[in-house]
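Reader: I would like a close look at a single part of this protein, the nonpolar core. Please set it against the chain as a whole, and add what can be said about charged pairs.

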Amino acid sequence: MSKYETQEIQQEALRILDEYDINRVQEGLRVDDPLEGIVFIQNVGEISKNVTVVAKSTVVDGDITSTSPLAIRGTVNGNIITTSDIGINGLINGDIEAENIDFSHAAIKGNSKAVRSVNLGSQSVVIGDISGNKVTIDGKVKGNVLAVNSLYFKSSALMVGSVTAGGISTEDGSRINASITLTNKESEGFDDSEFDLEV
């Protein structure tokens with residue numbers, strides 16, 4: 001109960017989120033359906049009051065701008081910008097900007113830019129560029145990826161394009177057809193003495 005100021009706030013959060021996996025929410029981890037992908041980094045009580053949901057049967061023709069977390073399950077034909085987190089389990093034709101972006105069963109035609117992290121699930125496809133501090137790919141990407149800190153390709157990943165990252169890790173099974181540029185300091189400053197042969 002340490003995350004809640006009062007028992008009433010806790011009960012209200014649990015009531016609002018009763019269809020979610022409450023145990024994981026209370027631990028501050030990723031929530032399961034229907035708000036797939038929202039990374040809860042704030043007080044659960046606050047988020048439960050502020051999440052905006054675009055339902056599966058909803059089509060939005062136009063841009064969405066928000067300061068609260070978004071859960072997109074439907075279709076958005078336009079750009080999406082939030083200063084908070086976004087979880088997408090739908091179709092987006094437009095660019096996305098957020099604090100953290102999590103794609104689960106998503107189809108995206110446009111560029112995605114996160115201040116912190118991007119997580120692309122195994123059932124998701126992005127045609128466009130992705131950028132973030134930390135990027136994890138388990139789905140399909142056709143475009144350029146910029147990961148300031150780290151880029152992790154999981155076993156189902158398919159990447160076609162170019163990659164610029166501070167560091168890269170891959171799992172067996174990932175398929176990468178990309179030019180790769182490492183930007184960490186350890187990859188800079190090599191000279192021929194590094195390749196001296198000693199017999």
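Author: The protein chain exposes about 10,900 Å², and carbon and sulfur atoms supply 46% of that area. This is a predicted model. The protein chain has three helices and 19 strands. Of its 199 residues, 42% are buried. Among contacts between residues at least 6 apart in sequence, 10% join residues at least 24 apart.

Now to the core itself. The largest nonpolar core holds 31 residues. Within this core, the residues with the most contacts are Ile72, Ile86, Ile88, Phe103, Ile137, Val145 and Leu151. In soluble globular proteins, nonpolar side chains tend to be buried together.

The elements that give two or more residues to the core are all strands. They are strand 4 (70–72), strand 7 (86–88), strand 9 (96–98), strand 10 (101–103), strand 13 (117–120), strand 15 (130–137), strand 16 (140–153) and strand 17 (158–165). Strand 16 provides the largest share, five residues.

Val145 is a useful residue to inspect, as one of those with the most contacts inside the core. Leaving aside residues up to four places away in sequence, Val145 touches Ile130, Val135, Ile137, Leu151, Met159, Ser162, Val163 and Thr164. Two of these partners, Ile137 and Leu151, are also listed with the most contacts inside the core.

As for charged pairs, a search of the whole structure finds one salt bridge. Arg116 forms this salt bridge with Glu99, and the closest N and O atoms are 2.7 Å apart. The pair links distant parts of the chain, with the two positions 17 residues apart in numbering. Arg116 lies in the loop between strand 12 (112–114) and strand 13, while Glu99 lies in the loop between strand 9 and strand 10. Strands 9, 10 and 13 are among those that give two or more residues to the core.

The two ends of the salt bridge fall into separate accessibility classes. Glu99 counts as buried because its relative accessible area is 16%, under the 20% limit. Arg116 has 45% relative accessibility, so it counts as partly exposed.

A last point of reference is Val53, which is found in strand 1 (residues 52–54). Val53 has a relative accessible area of 46% and is therefore partly exposed. Val53 and Pro69 are 16 residues apart in sequence, and their C-alpha atoms are 8.7 Å apart in space.

Terms used
Residues numbered from 1 in each chain as written. Predicted model: local features only at pLDDT ≥ 70, side-chain atom pairs only at ≥ 80, totals over all residues. Heavy atoms only, no water. Core = buried A, V, L, I, M, F, W, Y, C linked by side-chain atoms within 4.5 Å. Buried < 20%, exposed > 50% of the residue type's maximum accessible area, 1.4 Å probe, protein only. Helix = DSSP H or I, 4+ residues; strand = E, 2+ residues; numbered from the N terminus. Contact = heavy atoms within 4.5 Å. Salt bridge = Lys/Arg side-chain N within 4 Å of Asp/Glu carboxyl O. Areas by Shrake-Rupley, 256 points an atom, 1.4 Å probe, with all protein chains shown as cover.
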